[in-house]
Amino acid sequence: MNCKDILDKYKKGLISYEEYDEEISKTNSSDLTLQEQLERKLLREYAKFIRGLIGKSKYDILDKSYEITCKEQIQNLLSDMDLDDKEIIALLEEKDVLTSFYDDWLDDGFNYLSDSMENSVGESIADVTKYYYKNKQKDSRER
């Protein structure tokens, strides 16, 4: 089974995250497109965040419900966006995309989910890409 098929099964709810991760781990990462690598990274970040909630009280989980919703929305937006390779490479190098973009979302002062989330994500992509390539250029000059 190829990566696209595995991802499609996961998105349709036919397999759990654990099954997805196990199957995708069996594939050669060179077989993954940049977009598939990004989707894999985002799924892992989201799963790690959700696993961090396991064992928490229902009140703690309820307290995180907005963050859960926003991070899921950001993940879906990024997976559905038509990003160019430079943007994807920069996002792959970003430590924690979902948390970074969630923090950007909160800093923007929006308190509802709609087209504003897509605008915020677009701005965050531009910032991450610009920062990544600026640092990469700086690193190459220092060598």
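Buried here means under 20% relative accessible area. With that in hand, let's look at the charged pairs in this predicted model. Side chains of opposite charge can pair when their charged atoms come close. In this structure the count comes to three salt bridges.

**The pair in helix H3**
- Lys41 and Glu45 join their side chains in a salt bridge, with 3.0 Å from N to O.
- Helix H3, which covers residues 34–51, holds both Glu45 and Lys41. The two residues are four apart, about one turn of the helix.
- As for accessibility, Glu45 and Lys41 are both buried.

**The pair in helix H5**
- Glu67 meets Lys71 through a side-chain salt bridge, at 3.0 Å from N to O.
- Both Lys71 and Glu67 belong to helix H5 (residues 65–80). Here too you will find four residues from one partner to the other, about one turn of the helix.
- Lys71 is buried, as is Glu67.

**Lys64 and the shared partner**
- The side chain of Lys64 also forms a salt bridge with that of Glu67, at 3.2 Å from N to O.
- Lys64 has 32% relative accessibility, so this residue counts as partly exposed.
- Glu67 has a relative accessible area of 12%, and therefore counts as buried, because the cut-off for that class is under 20%.

**How the bridges connect**
- Lys71 and Glu67 are one bridged pair, and salt bridges with shared partners link Lys64, Glu67 and Lys71 into one network.

Notes:
Residues are numbered from 1 along each chain as its sequence is written. This is a predicted model: local features need pLDDT of at least 70, side-chain atom pairs count only at pLDDT 80 or more; totals for chains, interfaces and linings use all residues. Side-chain values use heavy atoms; hydrogens and water are left out. A salt bridge is a side-chain nitrogen of Lys or Arg within 4 Å of a carboxyl oxygen of Asp or Glu. Buried means under 20% relative accessible area, exposed over 50%, partly exposed in between (1.4 Å probe, protein chains only).
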